[in-house]
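Colleague: I should be grateful for a close look at one part of this model, namely the packing of helices and domains in the second chain. Please set that part in the context of the remainder of the model.

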Amino acid sequence: MRGALLPSAILLAALPSCSSSSSATPDPTCEPGPNKTWVISALSFTRENPVGVSPGFDLDHSVSRTPEELSCGKLDLTGPDGTPGVDNQLARVIPLVEQQVGNAIDGIIQGAINDGRLTIALDLLNVNHAVDDRCVDIEVKLGQGKPSLGTDGTLEAYQTYDARKEGQLLSPGKGGKFEKGVFTIGPFPLRIPIAIFDVSFTIFIRDALIRFKLDDDGNAEGLLGGGISIEEVADGVKNGAGVAPLIPQIKAVGTLYADMGYDPNIGKCSLVSAALAFKARPAFIRR
Amino acid sequence: MKSSGQAPRGARALIATTLFVASVASTACKSHESSAPAPVPTGPVGSALASPTGAQRLTRSQYAASIRDIFGPEVVVPSAIEPDVATDGFESVGATNSTVSARGVEQYEMAGLAIGNQIVNDEKLRGRILKCRPAAFDDAACARDVVSLVGAKVFRRPLTDAETKALTDIITLTGRSLASFEKGLAYGISRMLQSPMFLYRPSVGEPDPEHAGQKRYTGFELATRLSYFLWDSTPDDALLDAARTGKLGGYEGLDAEVTRMLASPRARDGLRAFVRQWLRLGELDLIQKDSKLFTTYTAELGPMAREETLRVFEDLVFERDADVREVMLTRRTFVTPKLASMYQVMAPSATGFAPIELPADGKRRGLLGQVSFLALYAHPTSSSATLRGKFVREKLLCVTIPPPPVNLNTALPEPTDTAKTLRERVKIHFTNPDCAGCHSMTDPIGLGLENFDGIGRERTKENGVVIDPTGKLDGVDFDGPLTLAQAIHDHPRFAPCITRRAYQFATGTTPQPLEEPTLTALNERFVAAGYRLKPLLRAIATSPAFRTKGAPH
């Protein structure tokens with residue numbers, strides 16, 4: 001991983017903008033359009049399987065095949081489809097964490113989604129055509145309300161959720177697009193408050209990217225990635241019952257696998273690249 | 001050149017057509033705000049010829065509603081009582097010719113005793129019927145007071161002296177034996193509730209002074225007949241008073257009572273019973289769906305969907321007093337959050353039912369877009385063009401579709417690479433002469449609804465192939481569910497079928513040829529009243545045929 005966190009302003013400036021006045025011919029897809037919402041119905045950490053292969057994003061737009069200083073010596077992975085340059089060190093961290101806390105992490109997250117404690121809504125703005133549309137913005141929100149589950153144990157589609165009053169709008173993102181039915185957006189700063197059991201904290205994902213594809217029924221499936229500070233996560237969970245003794249180990253693992261946020265003054269990385277797989281159902285959010 | 005001051009015949013026809021189209025369009029585009037209803041013609045409709053009838057047994061819903069209205073809403077009515085039997089699609093018709101099984105007799109006995117015990121053991125309930133203070137376990141005077149008060153409500157007429165004595169004796173003898181007046185009273189109530197005079201609606205009749213040689217229902221029999229038709233429950237005191245004073249014997253008095261009854265909130269129960277039976281919505285409690293294929297179908301969805309349909313009818317008939325054919329086209333419906341998710345619209349409320357307008361650009365509209373119909377007339381694993389088409393033919397257009405020949409394998413072939421859609425798979429129905437006669441009447445209609453799957457979710461593809469919902473209904477082309485609904489709404493058999501079904505429900509009989517002129521006249525009244533249901537129900541309830549006790553002719 002060569003680059004440190006790129007300044008968001010530079011990245012955003014480089015992306016197509018709906019409000020750009022420099023465009024000679026206005027893009028018809030940038031006309032105001034309806035909002036469409038998806039609520040995440042399944043969220044799981046991706047794993048490295050087999051060795052060197054994992055889903056994820058090329059967050060730094062670079063392929064690190066040999067140890068490099070800016071990525072603190074971490075080698076990139078390869079995507080399942082052979083795409084090189086995947087930055088997803090968390091895929092290597094998760095198995096280590098699971099050795100400490102058991103293989104229940106994904107199950108805990110799924111339980112929180114299913115009982116309405118973790119309702120993450122991807123609210124896409126100005127969607128005129130959910131196949132090809134170059135001007136779609138995003139607001140990631142938290143919803144609330146007990147969801148209805150189907151007989152397959154997952155959230156049913158097209159449910160209506162109330163926007164959670166506190167921190168309703170987590171993260172606005174600009175410059176997303178649908179291209180051949182695949183939506184991509186980012187990088188943008190993404191903050192997701194988590195409240196599971198007795199732990200409550202906010203995951204801050206730097207330079208977040210979201211990519212998903214829609215099926216015939218309108219369901220989304222994709223990836224959410226970016227840089228995560230393990231230090232922050234450790235601080236966030238430290239007050240959870242029985243967690244305190246594990247904090248030093250978590251921080252140590254975070255330091256060991258950090259590959260982003262290189263600080264030349266101390267010669268260390270502070271962030272771990274991450275990618276989470278998700279499925280999302282079309283839904284409605286009461287605004 | 002002769003000038004008559006009139007447009008040429010062709011032009012007149014054109015003008016007339018234009019005006020007609022404009023009036024139809026204006027009706028179709030009418031907003032939900034109530035407009036002035038068409039003036040309702042009055043007067044008795046049709047002849048005094050009626051099908052022969054027998055004593056109708058109370059349906060389960062009538063039994064429960066009667067207990068509620070006699071003793072109070074707090075009484076829990078046991079659910080284990082003799083099931084209803086539908087004949088010609090209606091429990092009300094089945095109630096005329098079904099008997100009670102031995103098991104059913106036991107169930108009525110147990111239910112009667114359970115209800116009696118609830119009443120005497122609850123101070124509030126007991127206070128409603130026990131106005132005297134019993135001086136002894138076998139206080140005959142007090143028992144007689146209760147019997148007179150309750151018996152008239154339970155039997156829907158004053159009791160004879162012999163009936164009063166028999167019931168009083170049960171209370172006093174049992175009270176003495178069990179050393180408790182209240183326990184005796186429980187047995188007395190139980191005895192009344194097991195009586196044929198309660199469980200059945202006797203129809204002995206009396207000579208009809210206006211039609212020599214014919215019989216009409218007595219005042220109390222007619223009151224009962226009106227009450228179970230319009231309220232699906234027992235007569236109230238005012239109706240029994242009207243019967244006792246002879247008010248129901250003439251058209252004016254009868255019409256006044258019917259008008260009062262239709263204005264009562266209880267008339268909604270009557271409408272609900274009619275719609276539930278007509279559309280077979282009771283079966284929504286029993287349908288099963290493959291939980292792997294239809295992951296969003298849960299046990300509560302069937303009753304919920306039924307409630308949606310009933311509310312739509314209630315809204316049309318009582319809130320808006322609108323053209324009831326609008327049930328085919330309306331975008332207005334009532335949904336819970338669960339139903340809203342099925343319809344892919346934002347839930348208007350976090351809990352319970354609330355009204356919404358379905359999207360103007362959607363495929364879903366009216367009865368044919370409701371989960372109740374779409375899920376009920378489908379298979380556990382798929383939609384069904386045949387069941388849905390048969391529903392439209394039989395329930396909405398009153399065309400009888402005969403059952404398939406015995407020994408005929410009615411299973412459809414499974415989807416294959418060359419036949420992925422239902423339209424492709426049912427082709428066999430049109431090529432096999434054993435099938436084509438009936439299926440050519442049903443399947444094209446059902447295929448027009450293939451944009452809805454076996455539980456009523458909207459879809460555009462089946463097994464990856466874009467669905468073709470086009471077809472033709474009796475010469476009228478349609479290109480999907482919306483235009484199919486319009487074709488049914490405009491079909492010349494639709495309004496007469498509503499009339500026929502309402503008459504069938506009201507009389508508890510399958511109309512005979514001698515009643516056809518009455519049905520025609522009732523339908524004319526229905527049309528003249530702007531296809532509003534309340535005037536039709538009023539016309540049926542006050543028709544000579546409804547008042548006549550039919551005899552074999």
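Modeller: The account below begins with the domains, proceeds to the helix pairs and individual residues, and ends with the partner chain. The model is a predicted one.

Chain B is divided into domain 1, residues 56–201, and domain 2, residues 223–277. The centres of domain 1 and domain 2 of chain B, taken over C-alpha atoms, are separated by 22 Å. Where the two meet, 12 residues of domain 1 of chain B are in contact with 11 residues of domain 2 of chain B. On the domain 1 side of this contact, the elements of chain B that give two or more residues are helix 2 (60–71) and helix 3 (91–97). The largest share of that side comes from helix 2 of chain B, with 6 residues. By class, the side of domain 1 of chain B that touches domain 2 of chain B comprises 3 nonpolar, 4 polar and 5 charged residues.

The next subject is the packing of helix against helix. Two packed helices are described by the angle between their axes and the distance between the axes. In chain B, the axes of helix 4 (residues 102–121) and helix 8 (residues 181–194) come within 8 Å and cross at roughly 140 degrees. Helix 4 of chain B is therefore oblique to helix 8 of chain B, because an angle counts as roughly antiparallel over 145 degrees. The crossing of helix 4 of chain B past helix 8 of chain B is right-handed. From helix 4 of chain B, the contact is made by B:Y108, B:E109, B:G112, B:L113, B:I115, B:G116, B:N117, B:I119 and B:V120. Helix 8 of chain B contributes B:E182, B:L185, B:A186, B:Y187, B:I189, B:S190, B:L193 and B:Q194 to this contact. Divided by class, the residues of the contact of helix 4 with helix 8 of chain B are 10 nonpolar, 5 polar and 2 charged.

A second pair in chain B consists of helix 17 (residues 385–396) and helix 20 (residues 433–447), which pack at an angle of about 105 degrees with their axes 7 Å apart. That angle makes helix 17 of chain B roughly perpendicular to helix 20 of chain B, because the range for this description is 65 to 115 degrees. On the helix 17 side, the contact is made by B:A385, B:T386, B:L387, B:R388, B:G389, B:K390, B:V392 and B:R393. On the helix 20 side, the contact is made by B:H439, B:M441, B:T442, B:D443, B:P444, B:I445, B:G446 and B:L447. The contact of helix 17 with helix 20 of chain B has 7 nonpolar, 5 polar and 4 charged residues.

Two loop residues of chain B also merit attention for their backbone angles. B:N463 is found in the loop between strand 7 (461–462) and strand 8 (465–466) of chain B, and its phi is near 50 degrees, a positive value in a residue other than glycine. B:N463 is partly exposed, with 13 other C-beta atoms within 10 Å. B:Y531 lies in the loop between helix 23 (516–528) and helix 24 (533–541) of chain B, and phi of B:Y531 is near 60 degrees, again positive in a residue other than glycine. B:Y531 counts as buried because it has 22 C-beta neighbours inside 10 Å, the threshold being 20 or more.

It remains to place chain B beside chain A. Between the chains, 12 residues of chain B are in contact with 12 residues of chain A. Helix 15 (residues 337–342) of chain B gives the most to the side of chain B that touches chain A, with 4 residues. That side of chain B divides into 5 nonpolar, 5 polar and 2 charged residues.

Chain A itself has 5 helices and 9 strands, arranged along the sequence in the pattern α-β-α-α-β-β-β-β-β-β-β-α-α-β. Of its 287 residues, 39% count as buried. Among contacts in chain A with a separation of 6 or more, 67% are between residues 24 or more positions apart.

Chain A also contains cis peptide bonds. One joins A:N49 and A:P50, with omega about -5 degrees; A:P50 is found in the loop between strand 1 (36–45) and helix 2 (90–101) of chain A. Another joins A:G186 and A:P187, with omega about 5 degrees; A:P187 is found in strand 6 (residues 182–196) of chain A.

Notes: Residues are numbered from 1 along each chain as its sequence is written. Chains are lettered from A and ligands numbered from 1 in the order in which they are written. This is a predicted model: local features need pLDDT of at least 70, side-chain atom pairs count only at pLDDT 80 or more; totals for chains, interfaces and linings use all residues. Two residues are in contact if their C-beta atoms, placed from the backbone, lie within 7 Å. Ala, Val, Leu, Ile, Met, Phe, Trp, Tyr, Cys and Pro count as nonpolar, Asp, Glu, Lys and Arg as charged, and the others, Gly among them, as polar. A residue is buried if 20 or more other C-beta atoms lie within 10 Å of its own, exposed if 12 or fewer, and partly exposed in between; C-beta atoms are placed from the backbone. Axes are lines fitted to C-alpha atoms, for helices over the stretch in contact, and angles run from 0 to 180 degrees between N-to-C directions. Angles under 35 degrees count as roughly parallel, over 145 as roughly antiparallel, 65 to 115 as roughly perpendicular and the rest as oblique. Domain bounds come from an automatic or database domain assignment. A crossing is left-handed if the near helix is turned anticlockwise from the far one by less than a right angle, and right-handed if clockwise.
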